[in-house]
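I opened this notebook to keep track of what I looked up, going from the whole chain down to single residues.

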Amino acid sequence: MIDKTDITGLILAGGRGSRMGGVDKGLQNYLGMPMAVHALLRLSPQVGTCMINANRNLGAYEAMGVPVWPDNLPDFAGPLAGLAVGLERCETAYLATVPCDCPRFPADLVERLAEALASQDADIAMAATRQNGALRTQPVFCLMKTSLLSSLLAFLQGGQRKIDTWTSQHRCVEVCFDDAQAFAGANTLAELQQLQP
């Protein structure tokens, strides 16, 4: 079994927010607090330490009380750039990642991913949900071995950016969660309104 102190949590808040009109999604209010704070409060009890990947408004993220690391690649290179900086800065054997715009992800997310990763001797465990009978992976909700760093850097240096293409090169296990709504995110201002109770 993987001890939670061996896991670093990373909140991915480095996106451009283009579908939300270019605003910084992690700083948008949900129930009176920035969404990234909700993600931090949900993730912190599940891991040993946390950090945030952000590319703008760094002071606002630093005020949340955990280390903040921008991408090492230019031009908002996507979630893999965030994963890469997380793996580079991670001091534990495992890294768990969640996006900043899904404030209601399961409280047992990391525990269930860790159980599957260990029992199936996988490199990456990712959440999945059933939608219309089909299993749909949620690749940014994942737990991975930090030893994957060199593979990811080589992939990015080759000009690749697609998360599914990279994860498919490794031993992955999918962990099915029953409540698809727990993974509902706010990519647009309308979706953010729908999340509010």
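The entries below start with the overall picture and then turn to helices and loops.

**Entry 1: the whole protein**

I note before anything else that this is a predicted model. I counted the elements and found 7 helices and 9 strands in the protein. I then looked up the extent of the C-alpha trace, which spans about 40 × 35 × 30 Å along the principal axes. For the radius of gyration I found 16 Å, and this agrees with the value near 16 Å that a compact globule of 197 residues would have.

I also asked myself what share of the residues counts as buried. The value is 50% of the 197 residues. For the surface I wrote down an exposed area of about 9,100 Å², of which carbon and sulfur atoms supply 48%. Turning to contacts with a separation of 6 or more, I found that residues 24 or more positions apart account for 71% of them. The last overall value I looked up concerns charge: there are 15 positive and 19 negative charges, and their mean positions are 6 Å apart.

**Entry 2: helix 1 and helix 3**

I looked at helix 1, which covers residues 35-43, and found 7 of its 9 residues buried, so the helix is largely enclosed by the rest of the structure. The buried residues of helix 1 are Met 35, Ala 36, Val 37, His 38, Ala 39, Leu 40 and Leu 43.

Helix 3, residues 79-89, is also largely enclosed by the rest of the structure, because 8 of its 11 residues are buried. I listed the buried residues of helix 3 as Leu 80, Ala 81, Gly 82, Leu 83, Ala 84, Val 85, Gly 86 and Leu 87.

**Entry 3: helix 4**

Which residues of helix 4 are buried? I found Leu 109, Val 110, Leu 113, Ala 114, Ala 116 and Leu 117 in this helix, which runs over residues 109-119. Seen down the axis of helix 4, the buried residues fall within an arc of 165°, so they line one face of the helix. I then checked what covers the buried residues of helix 4, and the cover includes helix 1 as well as strand 1 (7-13), strand 6 (94-99), strand 7 (124-131), strand 8 (134-145) and strand 9 (172-177). After helix 4 comes Asp 121, for which I noted a positive phi near 50°.

**Entry 4: two asparagines with positive phi**

I looked up Asn 57 in the loop between strand 4 (49-54) and helix 2 (58-62). Its phi is near 50°, a positive value in a residue other than glycine. With 41% relative accessibility Asn 57 counts as partly exposed. Leaving aside neighbours within four places in sequence, I found Asn 57 in contact with Asp 24 and Leu 27. Leu 27 is 30 residues away from Asn 57 along the chain, yet their C-alpha atoms are separated by 8.8 Å.

Asn 132 lies in the loop between strand 7 and strand 8. Asn 132 has a positive phi of about 55° although it is not a glycine, and its relative accessibility of 86% makes it count as exposed.

**Entry 5: Gly 26 and Cys 50**

Is Gly 26 buried or exposed? I found a relative accessible area of 0%, so Gly 26 is buried, and its place is in the loop between strand 1 and strand 2 (29-30). Apart from neighbours within four places in sequence, Gly 26 is in contact with Pro 34, Met 35, Ala 36, Tyr 61 and Cys 100. Met 35 and Ala 36 are among the buried residues of helix 1. I also wrote down that Gly 26 and Asn 53 are 27 residues apart in sequence and 10 Å apart in space, C-alpha to C-alpha.

Cys 50 is found in strand 4, and with a relative accessible area of 9% it is buried, given that buried means under 20%. Not counting residues up to four places away in sequence, Cys 50 touches Gly 9, Leu 40, Leu 43, Ser 44, Val 66 and Pro 67. Here too I recognised two buried residues of helix 1, Leu 40 and Leu 43. From C-alpha to C-alpha, Cys 50 and Leu 83 are 13 Å apart in space and 33 residues apart in sequence, and Leu 83 is one of the buried residues of helix 3.

Terms used
Residues numbered from 1 in each chain as written. Predicted model: local features only at pLDDT ≥ 70, side-chain atom pairs only at ≥ 80, totals over all residues. Heavy atoms only, no water. Helix = DSSP H or I, 4+ residues; strand = E, 2+ residues; numbered from the N terminus. Rg over C-alpha atoms; globule rule 2.2 N^0.38 Å. Buried < 20%, exposed > 50% of the residue type's maximum accessible area, 1.4 Å probe, protein only. Contact = heavy atoms within 4.5 Å. Areas by Shrake-Rupley, 256 points an atom, 1.4 Å probe, with all protein chains shown as cover. Lys, Arg positive; Asp, Glu negative; His and termini not counted. Charge placed at Lys NZ, Arg CZ, Asp CG, Glu CD. Arc of directions from axis to C-beta.
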